[in-house]
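Fire up your viewer and work through the exercises below. Each one comes with a solution in small steps.

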Amino acid sequence: MTDPADLTLGEAAAELRSGSLSARELLDAVTARAANTEAQLHAFLTLDRDGARTAAEAADTAIAAGEDLGPLMGIPIAVKDNMCTRGIETTAGSKILSGYEPPYDATVVSRLRDAGAVIVGKTNLDEFAMGSSTENSAYGPTHNPWDTDRVPGGSSGGSAASVAVGSSIAALGSDTGGSIRQPASLCGIVGAKPTYGLVSRYGLIAFASSLDQIGPFARNVGDTATLLEVVAGFDIRDATSFRGARPDIAGGLTAGVAGVRVGMVKELMGDAIAPPVRAAVQRTIDLLDDAGAEIVEISMPSFDYALSAYYLIAPAECSANLARFDGVRYGLRVDGETTETMMGRSRAAGFGPEVSRRILLGTYALSAGYYDAFYGQAQRVRTLVRRDFAAAYEQADVLVSPTAPSTAFPIGAKTADPLEMYYQDICTIPLNLAGDPGMSVPVALDDDGLPIGFQVMAPALGEKVMFQVGAEVERLVAFDSRPALATSEVTLP
Amino acid sequence: MPVDIDIAKVAKLARLELSAEELERYGAQLGDILEHAERVQALPTEGVPPTSHPLPMTNAFRSDEVTGSLDRDDVLAAAPDADGPYFRVPKILGEEVEGDNG
Amino acid sequence: MTDEARVDWEAVIGIETHVELQTASKMFCGCPVSFGAPPNTTVCPVCLGLPGALPVPNEAAIEGILRIGAAFGCELVSYSEFHRKNYFYPDLPKNYQISQYDLPLCVNGSVEIETDESSSTIGITRVHMEEDTGKSLHVGEGGRIADADHSLLDFNRSGVPLVEIVSEPDIRSAAEARAYGSEIQRIVRSLGVSDARLEEGSMRFDANISVRRRGDEEFGTRTEVKNVNSLRSLQGAIAFEIERQVRVLEGGGSVVQETRHWNEATGVTASMRSKEESEDYRYFQEPDLVPLEVDDAWRERIVASLPELPSARRSRYRALGLDMINAGLLVDDAALGSLFDDAVAAGADPAATANRLTGEVVAYTRREGVGVSETALTADHLVELGTMVTEGDLSATAAKDVLAGVLAGEGMPRAVAEQRDLLQISDLGVIEAAVESVLAEHAEAVERMQGGDMKPVGFLVGQVMRATGGKADPKAVSELIRSRASSET
């Protein structure tokens with residue numbers, strides 16, 4: 001019999017309803033998997049054993065009473081530690097929030113609870129979601145379950161690693177420049193960044209407000225859509241929340257790709273992409289072609305400037321968003337003679353180097369005399385990126401590319417040079433600038449046995465066609481590998 | 001073109017009390033990043049409006065309703081230092097009044 | 001010496017006025033706006049700047065600022081944005097203030113002001129929306145920030161909707177500045193968007209002051225006096241600054257551009273040393289909020305919703321024959337003014353009614369410490385009282401007593417007059433009998449009158465009044481006595 005921790009969300013939900021599996025048994029299996037893997041992975045910062053048990057028991061009681069709490073009833077879900085959970089430590093991977101217990105739940109967390117989910121814990125991340133490897137966590141890095149000497153990607157590396165290894169069935173991450181899609185790619189699972197505004201940001205500890213978006217991770221495309229359906233929708237607490245009717249998300253999962261126009265982005269298939277990744281993406285495009293899709297090559301000239309624009313806009317917003325961490329009302333305080341000194345010391349001691357670097361960069365980009373040349377110009381480039389996307393979607397229904405320029409790299413390989421790390425996001429960043437949805441679907445392993453992700457992009461509110469193409473890619477490539485760590489029996493001493 | 005940055009001034013604006021070595025290191029790294037970021041200036045953008053927001057939305061309001069506040073004990077529980085019902089901080093420098101020079 | 005006495009110099013003054021809006025909830029969250037709540041009890045994740053919290057604008061506050069802008073005749077712009085104003089201060093929870101920068105909601109308005117000497121038009125550059133900060137309490141000897149040992153923070157005020165009204169540098173004297181501040185206060189109150197109480201901080205001023213030689217085109221170097229919290233202080237601080245700057249310049253010195261603090265107790269301004277060499281607020285569009293758009297329909301709805309503004313009311317009252325003082329008092333107290341309007345609409349005499357309201361009624365409300373709307377007085381009372389006096393049923397003195405009875409809730413004026421036995425004797429026969437009897441008793445006085453000496457009239461009227469218990473109409477008595485004196489010659 002399959003270990004319940006290896007069930008997909010859909011399979012687990014069916015078993016829970018049929019009575020062949022209890023929520024408590026499912027939670028126990030997932031908890032056991034965490035116990036067997038956390039020492040090597042460090043996917044979690046906090047495991048909420050009591051809360052999870054209570055939620056699982058509530059699910060079992062509901063099932064016994066014939067009630068249906070919703071699609072996530074009894075499903076163990078992991079939540080990235082930059083989403084507030086009432087009374088459960090929420091650190092955003094930063095020392096400055098060590099021990100901080102929010103007095104409220106993020107909207108997505110409330111929606112998970114309302115849908116019957118069992119929140120198992122809070123996952124590791126690059127501090128304040130700033131990074132592409134989860135090495136910037138103040139609490140130590142997360143390791144890749146396919147090769148624990150390598151990074152899981154980031155910044156939602158903990159969520160991705162947990163879903164990949166089975167210490168949760170699905171998870172939430174956040175994506176500002178690729179922080180869901182890139183770790184999904186590096187961990188061999190599915191991850192989606194929805195249209196900006198589709199999922200409420202209330203309770204998400206902000207990195208860059210105009211770019212941040214919460215999204216789902218799961219082990220297949222359908223499960224990813226299911227989790228997104230639960231958390232998406234208008235929220236009065238977020239003024240940037242989309243006010244229209246929620247778009248169809250899962251309606252095209254079995255529709256195939258016959259007649260769908262698939263645009264291959266030329267600029268994202270160049271020399272910056274590792275050859276095995278390029279080859280795997282090309283093979284996938286060929287499969288789509290065979291399946292009846294119409295393949296078109298599309299040029300997005302502004303993409304060459306997207307990374308530069310992003311590394312001005314995101315730090316500028318973060319420099320203001322992180323100003324509230326000042327040692328006055330919560331979080332770390334380092335004493336000083338005056339409040340000014342106290343603030344300066346608390347912030348210097350509480351933020352790690354990458355966060356400090358971005359705060360300084362953003363402060364500079366916004367300061368008098370430089371605003372127009374840097375921040376203002378970056379915003380104009382953002383307009384050009386949006387125009388490129390708009391033109392592209394005249395010719396194509398979806399765009400495709402690699403998710404990341406390479407497979408998982410060794411821990412420590414890129415920490416010395418910030419710029420080299422920033423290049424990890426070249427394929428994912430343009431979407432965040434545009435606010436459009438995108439997802440990563442695993443399509444192959446490279447020669448080192450490391451997963452390769454395939455990115456599907458769609459116009460704003462085009463989640464339906466994105467998941468439609470994603471599901472067909474999944475069916476065509478039939479990727480069914482699991483990391484060794486998930487399948488090997490590890491017993492702790 | 002190397003970017004000239006008064007890193008100490010930037011750190012002060014950002015309220016980060018950094019050591020001399022840290023300032024030097026961050027200054028150099030920022031120089032590298034900004035040199036790369038300067039690429040954005042190469043792109044002709046005359047007449048291109050800036051995008052500050054990805055959503056084509058306006059007038060997102062809430063109605064004027066009181067929806068409640070937090071319990072003060074919960075609020076002050078997170079405070080690094082509190083004094084009775086207040087948050088407490090060291091002496092604030094801010095602005096000082098000098099003697100009359102009128 | 002007042003600033004007006006300085007003939008060689010001209011002052012150039014611009015004023016920034018902050019007004020807290022009295023909405024039910026705060027600007028960006030659902031915490032109540034309440035003055036005097038226990039510290040840190042009207043706070044939530046949003047106004048405390050907790051991690052993850054997001055602002056959502058209060059529609060009523062936006063309506064409030066648009067009404068203020070419309071009252072100044074501003075253009076209500078079709079497109080506006082919120083910006084973040086970045087600076088670190090412990091009473092500013094996010095360490096940025098959500099404010100407006102280059103795209104405020106209202107621009108290019110004006111306000112008419114009057115002083116004893118002049119009337120003028122002051123331009124309003126802009127009116128924009130922002131959020132208030134928390135409050136810091138400086139603990140230590142003297143309670144002054146410089147001597148404080150530590151500070152305590154209360155965030156109840158954090159996030160209260162704050163409207164900033166920026167004037168053009170059109171104000172030319174301390175007296176004009178006061179008139180300006182006072183008119184802004186009246187307008188804001190007439191709109192019902194704020195009680196604009198300076199003593200409670202729901203309205204406060206920053207003044208920019210410079211002086212130049214009369215006839216010069218160029219502005220002089222300006223100083224800013226911040227956080228002025230009374231009209232008297234506004235006038236005093238500006239008068240002091242004008243004097244000081246003129247003295248500095250006449251002494252061959254130059255004015256330093258700086259922020260100065262007004263000391264209410266000593267009546268002087270003093271330089272404030274700023275820790276930041278130069279402020280760099282790094283304004284940028286608030287990414288947590290979407291832009292604001294005011295369409296024609298909204299704009300028209302706002303303009304249509306405006307009440308009669310103080311300047312229009314003042315003109316209307318003057319046209320009814322009221323003097324400046326009475327007109328001003330009725331404009332300043334909305335309840336008093338509306339009582340006046342109702343009474344006049346129902347037929348009461350404007351001048352007499354205004355005198356009663358601004359005289360006895362205001363004296364009564366001040367003595368009792370209540371508002372006029374909390375008394376029993378209605379427009380019907382004023383109409384009946386006026387009629388009784390004009391018809392001779394009440395003497396002017398008795399009318400005051402009746403009004404006191406009405407204010408005390410004793411009922412309609414006629415009932416009060418009867419109850420208190422204050423009605424004048426309207427039966428001429430009764431008065432004649434009293435006159436006859438008095439004249440009979442004072443034959444020598446009658447003789448003097450017959451001899452052409454009318455001095456005893458006053459004495460005789462007094463005697464008749466005493467005999468009738470003060471209820472005879474003294475005018476009628478006087479006429480009767482005079483006619484008797486002449487008829488018997």
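A polar contact is a pair of N or O atoms within 3.5 Å; within protein, one atom must be able to donate a hydrogen and the other to accept it. Keep in mind that this is a predicted model.

**Exercise 1.** Find out what the side chain of Glu340(A) reaches, and which side chain of opposite charge is nearest to Glu340(A).

*Solution.* Start with the location: Glu340(A) sits in helix α10 of chain A, residues 339-350. Next, look across to chain B, where the Glu340(A) side chain reaches the backbone nitrogen of Leu93(B) at 3.0 Å. Now for the charges. The nearest side chain of opposite charge belongs to Arg15(B), 4.7 Å away. A salt bridge needs a nitrogen-to-oxygen distance within 4 Å. Glu340(A) ends up buried with no salt bridge.

**Exercise 2.** Work out how helices α9 and α12 of chain A pack, in angle and axis distance.

*Solution.* Pick residues 303-321 for α9(A) and residues 372-395 for α12(A). Their axes are 8 Å apart, and the packing angle is about 130°. That angle makes α9(A) oblique to α12(A). As for handedness, α9(A) passes α12(A) in a left-handed crossing.

**Exercise 3.** Take the salt bridge between Arg237(A) and Asp235(A) and decide whether each partner is buried or exposed, or in between.

*Solution.* First the distance: the two side chains meet at 3.4 Å, N to O. Then the surface: Arg237(A) has a relative accessible area of 42%, so Arg237(A) is partly exposed. Asp235(A) has 4% relative accessibility, so Asp235(A) counts as buried.

**Exercise 4.** Track down where the partners of the Arg84(C)–Glu286(C) salt bridge sit in the chain, and which residues share a network with them.

*Solution.* The N to O distance is 2.8 Å. Arg84(C) is in strand β4 (residues 83-86), while Glu286(C) is in the loop between β15 and β16, so the pair links parts of chain C that are 202 residues apart. Both partners are buried. Now follow the shared partners: Arg201(A), Asp238(A) and Asp288(C) join Arg84(C) and Glu286(C) in one network of salt bridges.

**Exercise 5.** Say how many residues apart Arg299(C) and Asp296(C) lie in their helix, and how many salt bridges there are over all chains.

*Solution.* Both residues belong to helix α4 of chain C (residues 296-304), three residues apart, or about one turn of the helix. Their side chains form a salt bridge at 2.6 Å, N to O. Over all chains, the count comes to 48 salt bridges.

Methods. Residues numbered from 1 in each chain as written. Chains lettered and ligands numbered in written order. Predicted model: local features only at pLDDT ≥ 70, side-chain atom pairs only at ≥ 80, totals over all residues. Heavy atoms only, no water. Helix = DSSP H or I, 4+ residues; strand = E, 2+ residues; numbered from the N terminus. Buried < 20%, exposed > 50% of the residue type's maximum accessible area, 1.4 Å probe, protein only. Lys, Arg positive; Asp, Glu negative; His and termini not counted. Axes fitted to C-alpha atoms, helices over the stretch in contact; angles between N-to-C directions. Parallel < 35°, antiparallel > 145°, perpendicular 65-115°, else oblique. Left-handed = near helix turned anticlockwise from the far one by under 90°.
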